[in-house]
Amino acid sequence: MSAEPRINDRIRVPEVRLVGPSGEQVGIVPLAKALELAQEYDLDLVEVAANARPPVCKLMDYGKFKYESAMKAREARKNQAHTVIKEMKLRPKIDPHDYDTKKGHVVRFLKQGDKVKITIMFRGREQSRPELGYRLLQRLAEDVQDLGFVESNPKQDGRNMIMVLGPHKKKTEAMAEARQAQEARKAEAKANPGKSQNAADAEAPAEEPAEA
């Protein structure tokens with residue numbers, strides 16, 4: 001069955017409950033009268049509630065209505081948030097620099113509203129020291145507790161130990177904040193067109209004097 005409503009001469013009922021172009025209730029009228037009014041207004045007669053008795057029909061510009069509906073659906077899909085699970089892998093004896101780098105990625109993912117699956121990979125004799133991985137996961141969870149929470153507690157999975165962090169901030173909120181920040185940067189750049197160039201000039205190294 002088609003999802004398209006019946007319009008104009010495709011409507012096959014003796015009478016309809018008619019709604020005017022501005023939403024006003026016209027009342028129950030014969031189908032012929034409703035079609036006549038549609039021609040007078042240069043609009044379409046659209047069946048909006050086929051199961052009602054009698055069916056409800058409205059006078060509208062159906063082509064414009066379909067276009068606006070398609071645009072709204074497109075905008076809704078554009079703003080729809082899809083939860084993404086990122087993954088970060090660590091070794092139980094990770095050095096401080098690598099830990100800070102990995103933690104930075106986790107922070108970025110959580111700020112974006114994404115979940116993060118943390119995997120501790122054990123090798124060789126490390127498998128007999130699961131507490132090393134557990135303590136590392138606890139440390140990471142504490143370091144990012146302002147941005148995320150432990151959604152799935154650490155658990156052993158073969159040679160790995162896995163924990164899932166969930167963001168405090170919803171994906172839609174993160175997307176909205178990112179758009180606002182981008183618009184603010186654009187507005188600032190437009191208001192101060194020479195600022196970024198002056199900053200770049202200030203950071204550029206001075207030219208060395210030419211050799212004699």
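This briefing describes the strands, helices and backbone details of one protein chain. The model is predicted. Its mean pLDDT over the chain is 85, and 84% of the residues score at least 70. The main topics are an open sheet of four strands, the packing of helix α1 on that sheet, and the contact of helix α3 with helix α4.

**Confidence**

- The chain averages a pLDDT of 85.
- Over residues 202-212 the pLDDT stays under 50. For this stretch the model has zero contacts beyond four places in sequence.

**The sheet**

- The four strands of the open sheet come in the order β2-β1-β4-β3, and their pairing is mixed.
- Strands β2 and β3 (44-49) are the edges of the sheet, and each of them pairs on one side only.
- From one strand to the next, the twist averages 35°.
- Helix α1 (residues 31-41) packs on this sheet and touches β1, β2, β3 and β4. The direction of α1 makes about 125° with that of β2.

**Strand pairs around β1**

- Strand β1 (residues 15-19) runs antiparallel to strand β2 (residues 25-30), and five bridges join the two.
- Within this pair, Glu15 stands opposite Pro30 in β2.
- β1 and β2 form a hairpin, with five residues between the strands. Gly23 lies in the turn of the hairpin and has a positive phi of about 90°.
- β1 also pairs with strand β4 (residues 56-60): these two strands run parallel and are joined by three bridges.
- Val19 has Lys58 as its bridge partner in β4.

**Helices α3 and α4**

- Helix α3 covers residues 96-111 and helix α4 covers residues 130-143. Their axes come within 11 Å and cross at roughly 50°.
- The two helices are therefore oblique to each other.
- The crossing in which α3 passes α4 is right-handed.
- On the α3 side, the contact is made by Tyr99, Lys103 and Val106. On the α4 side, these residues meet Leu136, Arg139, Leu140 and Asp143.
- The residues of this contact divide into four nonpolar, no polar and three charged.

**Backbone details in the loops**

- A cis peptide bond joins Arg53 and Pro54, with an omega of about -5°. Pro54 is found in the loop between β3 and β4.
- Asn8 is not a glycine, yet it has a positive phi of about 50°. Asn8 is found in the segment before β1.
- Asp42 is not a glycine either, and its phi is positive at about 60°. Asp42 lies in the loop between α1 and β3.

Conventions
Residues numbered from 1 in each chain as written. Predicted model: local features only at pLDDT ≥ 70, side-chain atom pairs only at ≥ 80, totals over all residues. Heavy atoms only, no water. Axes fitted to C-alpha atoms, helices over the stretch in contact; angles between N-to-C directions. Parallel < 35°, antiparallel > 145°, perpendicular 65-115°, else oblique. Left-handed = near helix turned anticlockwise from the far one by under 90°. Contact = heavy atoms within 4.5 Å. Nonpolar A, V, L, I, M, F, W, Y, C, P; charged D, E, K, R; others polar. Pairing = 2+ DSSP bridges. pLDDT = per-residue confidence, 0-100.
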